[in-house]
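Please consider the following model, beginning with a single residue and proceeding to a surface patch and a pocket.

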Amino acid sequence: MDGSNGCPSTAAPRSRPLSIRTKPRAPSAEWTTEDSTADKEPVTPTARLMEDLYIVVTMGLGSPLNLPVFSAGIATQLTRYPRFQSIQVADGSKDGNRRWARVKVKVDDHIIVPALDPVAVEADADQVVEDYAASLVRLPMDASRPLWEFHFLDFPTSEASSTVVLLVHHSLGDGMSLMTLVFASARSVADPTRLPAMPKQPERTAAIYMPRPRSAGALAFLGWVWSYFVLAWNTMVDVAFFAATVLFLRDPKTSFSHSDDTVFNPRRRFVHLSLSLDDVKFIKNAINCTVNDVLVGATSAALSQYYFRKTGNTITEKICLRSVLPVNLRATTSLQKYVDLIESGKSGDVGWGNQLGYIILPFHVAMHDDPLVYVRKAKKTLDRKKRSLEMVFTCMISELFLKLFGMKQAGAFIFRRMFTNTSMLFSNVIGPAEPTEFCGHPITFIAPGLYGAPQALIVHYTSYCNTIKVTLSIDDEIFPDYSQLLDDFAVSFGHIKDVASGL
């Protein structure tokens, strides 16, 4: 875990996890299904595919924990959202389908304050937080209650005065859903009477999002028509590669891969570091690209540095590692729209849940004398992906096969093969643009991670204020030197910035 200066720790990882004693939880509260139209809402095919996936969000707090205030905030904010009041139950059909059922929520059942070794906390508080987050992978959740928990660690670390770890089953929502929840539940530190400032959402530039030219001449019209042919061709190619990935096409075995594809829920460590958003934007402007181009390029550079140092292979070698990139299918304006709906008491109209498509995104692992080559290659790859509807069709295909053949046959097969035949998972989410307080506590950082996917490496970027958090969800059996990999992200980004400064 990185220090307050944004640099990753270089301390060697522990050989064994910290021993953690958790205080006994209160007995499960009795719940009754309420008479609500939400009880008739089926669990979507995408949500059912998330059966083994959990989101772990580590949030640093800028003040010591005030548990009564935080608990009251949870009770008044989070429990008004439908998914956080619902469990999955069988709908009684022969197909074994499931639906959402509203239940009465007892907030105390979802709050955990662990009893940790004070000696370990005094010796290395950052490591205790890391070890505790890793331990959550091994703790089952009670399916008779909505699948979310807040874990409170009330001691200072290098980045925060206290820490809260939110554990959420992925079926309750994707990154966009959770960020909508954060925005609607949080308040600006500068003015607690208003919501935090919304970040600027990136524009989509595919042909279907561009208006038809009306007075620019015949050539402009032909160019607009041609863009649709390009879109159709690229989509067919990408969908064909997606199908091939599910059926037989797989990445080569490398130091980033599991040797045993039968392991679906490996051990996980969650580590993170901070990058300056202003520095990322400086590189973006210097090379004339996007923030995503910079982040994907920096990731390729870090993976390349780690790979060639660990393997000792010749620097002339070049390999391609593919990642699964989940893509939000909602409109880019939906965040503001959903927050407004929640504020007006219409949270039931919000597009909660998982509305995701998937892109197979290649990462080129090679050694380049000029680190800007990584960013330029990333830009070329992402520009090509923007001219495709791969994410829409991969979502449609997955849901269609799930409806036709069921979860065990088609759903599990497609989802599992998509993961096991690729090397990593990559995602990013845009967070609040200004300092924010959540349930009466100022937030210093947000670091989401994921476990349940079979890839040994998951890379996640999250922006908050003027910082971008890089979070690695790591299988420490494959990456015993995961702190070195985290360092490679900071070093590679620094090299890219230094060269960009000389342009």
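**From a buried strand residue to the surface**

Isoleucine 359 has a relative accessibility of 8% and therefore counts as buried, the limit for that class being under 20% relative accessible area. The model in which this residue is viewed is a predicted one. Isoleucine 359 belongs to strand E10, which covers residues 356–365. When neighbours within four places in sequence are left aside, the contacts of isoleucine 359 are Ser323, Val324, Leu325, Val327, Lys385, Glu390 and Met391. A further relation links isoleucine 359 to valine 239: the two are 120 residues apart along the chain, and their C-alpha atoms are separated by 9.2 Å.

Helix H11 comprises residues 390–420 and contains leucine 400. Is leucine 400 buried, exposed or partly exposed? Its relative accessible area is 45%, so leucine 400 is partly exposed; that class lies between the 20% limit for buried residues and the 50% limit for exposed ones. Together with Phe401, Leu404 and Phe405, Leu400 makes a nonpolar surface patch of about 400 Å².

The description now turns to a pocket. The second largest pocket has a volume of about 400 Å³. Its lining consists of 17 residues, of which Glu51, Gln88, Arg98, Leu147 and His169 are the closest to the centre. Helix H1 (45–49), strand E2 (86–90) and strand E3 (98–102) are the elements that each give two or more residues to this lining. Which element gives the most to the lining of the second largest pocket? That element is E2, with 3 residues.

Terms used:
Residues are numbered from 1 along each chain as its sequence is written. This is a predicted model: local features need pLDDT of at least 70, side-chain atom pairs count only at pLDDT 80 or more; totals for chains, interfaces and linings use all residues. Side-chain values use heavy atoms; hydrogens and water are left out. Patches are made of residues with over 30% relative accessible area and no salt bridge: like charges are joined within 9 Å, nonpolar side chains (Val, Leu, Ile, Met, Phe, Trp, Tyr) within 5 Å. Accessible areas come from the Shrake-Rupley method with a 1.4 Å probe; for residues, only the protein chains shown count as cover. A salt bridge is a side-chain nitrogen of Lys or Arg within 4 Å of a carboxyl oxygen of Asp or Glu. Helices (H or I, at least four residues) and strands (E, at least two) are DSSP runs, numbered from the N terminus. Buried means under 20% relative accessible area, exposed over 50%, partly exposed in between (1.4 Å probe, protein chains only). Contact means heavy atoms within 4.5 Å. On a 1 Å grid over the protein atoms alone, a cavity is a set of points where a 1.4 Å probe fits but cannot get out, and a pocket is an open set with protein on both sides within 12 Å along at least five of seven lines; lining residues have an atom within 4 Å of a point. Grid points are joined across faces, edges and corners, and a volume is the space filled by probe spheres set on the points.
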